[in-house]
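Hi everyone, thanks for coming. Let me put the structure up on the screen, and then we can walk through it together.

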Number of protein chains: 2
Amino acid sequence: MVKFDEKNQVDSVNGALALRPEIESIVDRYLTAGIRNLCWLGIGGTWASCLQVVCHMKESTDMDVFAANAAEYCATGDLRIGEGTLVVISSVTGTTAEVVDAVKLVRQRGAKVLGFIDKPDSELAGLVDECISYKSNEQLKFFMTADYILYRQGRFQDYAAYYAQLEAHLAKDLVEIEKQTDSFAEEFARKHMNDALHYFVGAGCLYGATYSYAMCYWEEMHWIRTKSIHSAEFFHGMLEVVDLETPITVFVGEDSQRELGLRVAKFLPRVCKNYTVIDTRDYPLEGIDDVYRGRLCHLVLHAVTNRIDAHLEALSGHDMTIRRYYRKVDY
Amino acid sequence: MVKFDEKNQVDSVNGALALRPEIESIVDRYLTAGIRNLCWLGIGGTWASCLQVVCHMKESTDMDVFAANAAEYCATGDLRIGEGTLVVISSVTGTTAEVVDAVKLVRQRGAKVLGFIDKPDSELAGLVDECISYKSNEQLKFFMTADYILYRQGRFQDYAAYYAQLEAHLAKDLVEIEKQTDSFAEEFARKHMNDALHYFVGAGCLYGATYSYAMCYWEEMHWIRTKSIHSAEFFHGMLEVVDLETPITVFVGEDSQRELGLRVAKFLPRVCKNYTVIDTRDYPLEGIDDVYRGRLCHLVLHAVTNRIDAHLEALSGHDMTIRRYYRKVDY
């Protein structure tokens, strides 16, 4: 398998899961002091991760939890953010300009910031109140934080049992999914690598993944044009431009919005013959109870798209790390 | 000018502005009883209008105000919505299935619903607590409601002066903008009517307009493929797929996010020669103070895109009312 390092991937996920005591201790301190609301702040791919975790939390809490786009926040502000707000961010480089500016601003307003910042010596790491530095696994870190807050609110009583299962099985399960999907992923990459425009459709906690996979992977890394759309919104405009040859991929998850994805999957065969349905339910998660699959479907999807990316890169010869403009040109 | 009925358009806007006492009386009743939070609920184009008005309100209030997508709400719920929630909706037909279901659900949860429903004898009109029936002008109705709430909160002291100016000048100003932009709109329509994919970029209270113009007008009505993206997010992925020939239109508004639009407008000439900037500042609003332009830029933009639509339809011969699937096929 190209670009596949099983041991490294297993270690990476298990290392992220091992951050749990550190996350719990920080969250405990803020919850004990009392928080009024919870803001997940990001831009681009990290903003998409914020959308995912907000959708996840909304299923079970009435607390004021929301996603803020860093650039929009710097321009428009958000008067809800201030004393008593916990802001959570994530950054690989620790230097994203909009996030640096936004963190300075929310701290001026009295909010506290927990940052998952891969580089502990970066500018952002020096700006936040609490910094956890560990590479990759952004969604997992966000969902671990969210789940512990839900647990502390009495909204997720299975917390300990659930994470015990993840610690025992998740890392291995995810690499097994990569192996299982590899030949599909190669075929998919070959079929769509020259698409003039590829549509991605998704809902629930997969919507953020749909948005970022289209924009941060296919557009930014593979230089293939895409449009992403929420499965519910697909029926309010986009469906009219679908014809037999339109390349469309629907991500179907297992959370509360599964039916919205299935509705698109059911409609497409009537009007299109170039569609693909990636249903996370088709992939086993050994050792993890079925009832938890909705909480994990974004990681299952990521394992599948990770293989598609590996094959797209290998087949096209286009190095995913090359950028035309981003961080190369001033604007 | 094709598809232009000056008297009808002036009367339509003035008629919408004349709804103000009715809106004020309903809002007064809810605010006096006390509301905990404010939810703008819609799907497709109406959801986009919700995004616009939420962005507008966020500039000046810390109240819990948010947009909810009707289909997502029905699937996932939102525990913030209940007793003490005022939900505002808009519907032309009064029959949109997702909105009908969502309104039933929010009322079961104890929320109150104010509906702007063009057809007073429709299903939705019978479901809401308060119904105001007047054709078109969705954004204007939403912004009038929002502005009165802001006024009552002490967040918009100019309310009376502002609406006095709108009542005296807005309707006429908007038709004058249509006349001023008509030859540009025809040229634009001619240039882009055969685009394989057209990108629309916008920010602030124009982001909702950007999203809905791309999806509800070009995709649904003109059957031209589009992608819409927020001006802030443009720099986090999409910029990498722009080349010299890529058709991109940037909507630049005059609210707090103007700079985000200008940033895209400044970047594009360096990498693309097929871009258009539509800056609402280029259009006069006689009799209305400059300080209010940010509150109105979405209506200025609508006047411009309205002319583009008229010419696209005339040039292509594709009737904007024809649908392939929407409300024609069960799904």
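Let's start at A:Thr280. Leaving aside residues up to four places away in sequence, A:Thr280 touches A:Leu206, A:Val252, A:Gly253, A:Glu254, A:Arg293, A:Cys297, A:Val300 and A:Leu301, where contact means heavy atoms within 4.5 Å. You will find A:Thr280 in the loop between strand 9 (275–279) and helix 11 (293–316) of chain A. Helices here are DSSP runs of H or I with at least four residues, strands are runs of E with at least two, and both are numbered from the N terminus. Is A:Thr280 buried or exposed? With a relative accessibility of 0%, A:Thr280 counts as buried. The cut-offs are under 20% relative accessible area for buried, over 50% for exposed, and partly exposed in between, using a 1.4 Å probe and protein chains only.

A word on what we are looking at. This is a predicted model, in which local features need pLDDT of at least 70 and side-chain atom pairs count only at pLDDT 80 or more, while totals for chains, interfaces and linings use all residues. Residues are numbered from 1 along each chain as its sequence is written, chains are lettered from A and ligands numbered from 1 in the order in which they are written, and side-chain values use heavy atoms, with hydrogens and water left out.

Next stop, A:Arg155. This residue sits in the loop between helix 7 (138–152) and helix 8 (159–192) of chain A. A:Arg155 has a relative accessible area of 35%, so it is partly exposed. Not counting residues up to four places away in sequence, its contacts are A:Ser60, A:Thr61, A:Asp62, A:Leu150 and, over in the other chain, B:Leu79. With A:Asp62 there is a side-chain polar contact of 3.1 Å. By polar contact I mean a pair of N or O atoms within 3.5 Å; within protein, one must be able to donate a hydrogen and the other to accept it, and residues adjacent in sequence count only if both atoms are side-chain atoms.

That contact with B:Leu79 brings us to the two chains together. How many residues of chain A are in contact with chain B? There are 63 of them, and they meet 63 residues of chain B. Between them the chains bury about 5600 Å², 52% of it on carbon and sulfur atoms; buried area is the accessible area (1.4 Å probe) that two parts lose on being put together, summed over both. A:His236, A:Glu240 and A:Tyr331 supply 15% of the area that chain A buries against chain B, more than any other three residues.

What about charges across this interface? Chain A and chain B share 8 salt bridges, each defined as a side-chain nitrogen of Lys or Arg within 4 Å of a carboxyl oxygen of Asp or Glu. A:Asp78 and B:Lys58 form one, at 3.7 Å from N to O. The interface also has 36 residue pairs in polar contact, both at pLDDT 80 or more.

Now, how do the copies relate? A turn of 180 degrees and a shift of 0.0 Å along the axis lay chain A on chain B with an RMSD of 0.0 Å; the superposition is by least squares on the C-alpha atoms of residues with pLDDT of at least 70 in both. The two copies are therefore related as by a two-fold rotation axis. Which residue of chain A comes closest to the rotation axis? That is A:Lys227, with its C-alpha at 2.8 Å. Since 100% of the interface residues of chain A are also interface residues in chain B, the copies meet through the same surface.

Finally, some salt bridges within single chains. In chain B, B:Asp28 pairs with B:Arg152, the closest N and O atoms being 2.4 Å apart. This pair links distant parts of the chain, helix 2 (residues 20–33) and helix 7 (residues 138–152), 124 residues apart. B:Asp28 is partly exposed at 24% relative accessibility, and B:Arg152 is partly exposed at 35%.

Over in chain A, A:Lys172 and A:Glu176 meet in a salt bridge of 3.0 Å, N to O. Both lie in helix 8 of chain A, 4 residues apart, about one turn of the helix. A:Lys172 is partly exposed at 41% relative accessibility, as is A:Glu176 at 33%.

Thanks for listening, and I'm happy to go back to any of these spots.
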